[in-house]
Amino acid sequence: ANLIAQQVGNGTERAWWQREQLSGDWGDWRTSWAQRGVTFSIDYTAEILTNVSGGLRRGAEYEGLGGFGIDVDLGEFANWKGGTFRVSALWTHGSSPSGLVGDEFAVSNIDAFDSVRLYELWLEQNFWDEYFSLRIGNLLADEEFAGTEYGAVFYNAAFGQPAFWANNTLNTGPAFNVAGLGVRLRYDVTDSWYAQAGVYDGDTFDSADGDPGKNKNGVHFQLGNGQGWTSLYEFGYNGFKVDDGSGLPGWYRVGVWHHSAEFTNHDNSKSNGIWGLYGAVDQMLWREQGDQGLGAFFRYGIGPRNRSRFHWVLDTGLNYK
């Protein structure tokens, strides 16, 4: 019993499966740092996927994804008003189930080159009564642009960073599992309306051939050298942020992405840059209680036909919680 129980402030014991964090409070050390504005996160995802029919071959593969992060509220920690700092690391390992299937998009959402790497490393500053925020450092564009809340739970990498961007740009862009140097500016017009723009390293792999081993630990920082730069611009309304628990909120956004490097057209001629337009919707259709109920998502993107791997991409579906 002592091995699976945690001593809490009121003297009672709590079983490990009832804790807010599985590893507990680390002898009050975790709580004491949280009171100073520093929070720690440790997580691990494990999966075994088996191909029982079709594909390239039958078999099973194991993959694991470990993560560690530190978030610092600089107002609490250093009396730096409006400042936030984050650093994180990833440990990706195992065999890819795509080798069983032969897919265009990775079967697994955590499929990545095996390594221990620096992930996010950024500083964010809110200003002008927190209407504006500026984030600079090693960033993930897919965390803030072109995502869907209701679609993110589905199994397949295409439901994360959208294929109309990832598969048409250079080496997928700054997204899982390789962050990129960049800067993001956001303007919260109201509690629900917002506009944001981000400019990032044009090649987070730093390899024209797409070799993930060149930046395997996330510390190979290279700008220029023909890589160009990539950018995203988005405007939207997020009704979930002002949801009072009674209506049917939605999140609606439109955006543009662009990459400035030289791209090869399908006829082997060259073009300067590539771009795309997109729109995405999350909509609650029926509410049971709180955030429980039926929701739908819809996302569509289009790029130039003469040099896009996919001229247009659509994903949609339902999500019941």
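Start by selecting E124 and R184 in this predicted model, where E124 is buried and R184 is buried as well. Their side chains meet in a salt bridge, with 3.2 Å from N to O. Because E124 belongs to strand β6 while R184 belongs to strand β8 (residues 180-188), this pair ties together parts of the chain that lie 60 residues apart in sequence.

Keep E124 selected and add R135, whose side chain also meets that of E124 in a salt bridge, here at 2.8 Å from N to O. The contact links distant parts of the chain, since E124 sits in strand β6 (residues 115-127) and R135 in strand β7 (residues 132-139), 11 residues apart. R135, like E124, is buried.

Now extend the selection to E144, and the wider arrangement can be traced: E124, R135, E144 and R184 are linked in a network of salt bridges.

Next, move to R287 and D243, which form a salt bridge whose closest N and O atoms are 2.9 Å apart. R287 lies in strand β12 (residues 270-289), whereas D243 is found in the loop between β10 (229-238) and β11 (250-264), so that the pair ties together parts 44 residues apart in sequence. How buried or exposed are the two partners, R287 and D243? R287 has a relative accessible area of 14% and is therefore buried, the cut-off being under 20%, while D243, at 32% relative accessibility, counts as partly exposed.

To finish, display the salt bridges of the whole model, for which the count comes to 13; among them are the pairs E124 with R135, E124 with R184, and R287 with D243.

How values were computed:
Residues numbered from 1 in each chain as written. Predicted model: local features only at pLDDT ≥ 70, side-chain atom pairs only at ≥ 80, totals over all residues. Heavy atoms only, no water. Salt bridge = Lys/Arg side-chain N within 4 Å of Asp/Glu carboxyl O. Helix = DSSP H or I, 4+ residues; strand = E, 2+ residues; numbered from the N terminus. Buried < 20%, exposed > 50% of the residue type's maximum accessible area, 1.4 Å probe, protein only.
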